[in-house]
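The following note sets out several points on the structure shown below. They begin with one strand and its partners, then turn to a helix and to the contacts of the aromatic rings.

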Amino acid sequence: MGNLVEFAKMNGLGNKILVVDMRGQTKPVTPEAAIALAQDPATNFDQIMAIHDPKLDGTFAYIDIINCDGTRAQACGNGTRCVVQALSAETGLKAFTFQTLAGILNAVEHEDGTISVDMGLPVFEWNKIPLSEEFHDTSRIELQIGPIDAPILHSPSAMSMGNPHAIFWVDRDPMSYDLERFGPLLENHPMFPEKANITLAQVTSKSTMTTRTWERGAGLTLACGSAACSVGVSGARTGRTERKVVITVASSPNQQALTIEWRERDNHVIMTGGAEWEWSGQLDPETGAWQRGDEQLSEASGS
C-alpha cells in the first residue's frame, strides 16, 4: 500500500472532478489508479485534477489532468475552477497561477463565489489543432455524419483551447441528437490525429447558446469547460454571436450557465462559472484504492 493522499469529489456544472493533492509526492497518479477510480460509481469522474508542487517560479502549482481512461488531458476549465475553490478554502487566497500541459492558467475567485479562469489564446491553425488535412479556414471544415445528401451533422468549426475541439452547429435542442452514437465515431475520426472533443451547439440569440459535449477520453460528459470556451469563440468567429456569451450546458443537472468572453483587447478566453464541493477522502495514487472519511479503504477494483 502506497502513501495515501487527500482528495475531494467535486463538480463544475456537473462535470465530475476529483481534485487530488499530490503536493510532496514524487510520483504521479497512475493510469491504473485513474481507471480503478473511474470504474467505482462513488468516485466515477470525468477528470482528475492532480495538484503537484510547482515546476516554474511564479506559479502556485503544476496541475496534472487525467481522463477517466487514464490518458492525460491538456486543459479542463471546469476542473480548474474546482481546484481554485479547493485551494482558496485552504489558503484564503483568491488569485492563482497554474502550470498545465496546455501552458499557464490564471484564475481568480470572486466575492459571489464564481470563479474566472483565463484559458489563454485560442488556436485556429489546422496543423496546431491538429487536423490531418490542411484547411485555410478552420471555422468550417469538411466533415459530416449521415447520408451525403442529408447529413445529420456537418461542417464543424475546429479549433484548440489547449485540446482539440470540433463544434457542430445544430438548429434544435442538442439533447435530441444521438451523441452517444456519433461521439465515438467523431472523436476517433481520421481528421483528428490526437482525437477531439465533439460539441453540439445551438445558437439561441446573439448572446446565448446551448451545448452538449462528447469529451475526448471521457465520453458523454455533463459539462466541459474548454468546449464551452471553444463554442463561445467559434460563435463569434463565424458571426453567429457576440464575443461575450452565456452558455447553458444542456446535459448539466443544475442547468447553471457559463459566461464565456473572447476578450477583444488581447484575444484571451475568459470563462466564469461556479464549482461545487461534494465530499472528501483519501486515496492511493498508485492503485486507486480509496476511503471516505473514516471508512475502511475500498478495493482498487472500485467495488
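1. Strand β12, spanning residues 164-169, is mostly covered, six of its six residues being buried. The model is a predicted one, and the remarks that follow should be read accordingly. Two sets of side chains leave β12 in opposite directions: Pro164, Ala166 and Phe168 point one way, while His165, Ile167 and Trp169 point the other way. Burial applies to both sets, since all of these residues are buried.

2. On one side of the pairing scheme stands strand β11 (residues 157-160), which pairs with β12 in the antiparallel sense over four bridges. Within this pairing, serine 157 has isoleucine 167 of β12 as its bridge partner. The two strands form a hairpin with three residues between β11 and β12. Glycine 162 lies in the turn and has a positive phi of about 90 degrees.

3. Strand β13 (residues 197-205) is also joined to β12, here by five bridges, and these two strands run parallel. Phenylalanine 168 has leucine 200 in β13 as its bridge partner. To pass from β12 to β13 the chain goes through helix α3 (residues 179-187), and the resulting β-α-β crossover is right-handed.

4. Helix α4 covers residues 225-237 and contains 13 residues. From its first C-alpha to its last, α4 reaches 18 Å, close to the 18 Å expected at 1.5 Å a residue. Because twelve of the 13 residues of α4 are buried, the helix is largely enclosed by the rest of the structure. The buried positions include Cys229, Val231 and Val233, together with glycines such as Gly225, Gly232 and Gly235. After α4 comes glycine 239, with a positive phi near 80 degrees.

5. How many aromatic pairs does the structure hold? There are five. One of them joins phenylalanine 60 and phenylalanine 96 in an edge-to-face arrangement, with 5.2 Å centre to centre and 90 degrees between the planes. Phenylalanine 60 belongs to the loop between β3 (47-52) and β4 (61-67) and phenylalanine 96 to strand β6 (residues 95-100), so the pair ties together parts that are 36 residues apart in sequence. Phenylalanine 60 is partly exposed, at a relative accessible area of 27%, whereas phenylalanine 96 is buried, at 4%.

6. Phenylalanine 124 and tryptophan 262 make up another edge-to-face pair, at 6.0 Å centre to centre and 75 degrees between the planes. This pair links distant parts of the chain, 138 residues apart: phenylalanine 124 sits in the loop between β8 (115-118) and β9 (144-145), and tryptophan 262 in strand β17 (residues 257-262). Is tryptophan 262 buried or exposed? Its relative accessibility is 9%, so tryptophan 262 counts as buried. Phenylalanine 124, by contrast, is partly exposed, with a relative accessible area of 22%.

7. Phenylalanine 124 also has a charged neighbour: arginine 237 lies over the face of this ring, at 3.9 Å from the ring centre. Residues 225-237 form α4, and arginine 237 thus belongs at the end of that range. A further charge-over-ring contact involves lysine 55, whose charged end sits over the ring of tyrosine 62, 4.0 Å from its centre.

8. Finally, ring pairs also build a cluster, linking Phe7, Trp279 and Trp290.

Notes: Residues numbered from 1 in each chain as written. Predicted model: local features only at pLDDT ≥ 70, side-chain atom pairs only at ≥ 80, totals over all residues. Heavy atoms only, no water. Expected span 1.5 Å × (residues − 1). Buried < 20%, exposed > 50% of the residue type's maximum accessible area, 1.4 Å probe, protein only. Phe/Tyr/Trp six-rings, centres within 6.5 Å; stacked < 30°, edge-to-face > 60°. Lys NZ or Arg CZ within 6 Å of the ring centre and 35° of its normal. Pairing = 2+ DSSP bridges. Right-handed = clockwise from strand over helix to strand, strands pointing away.
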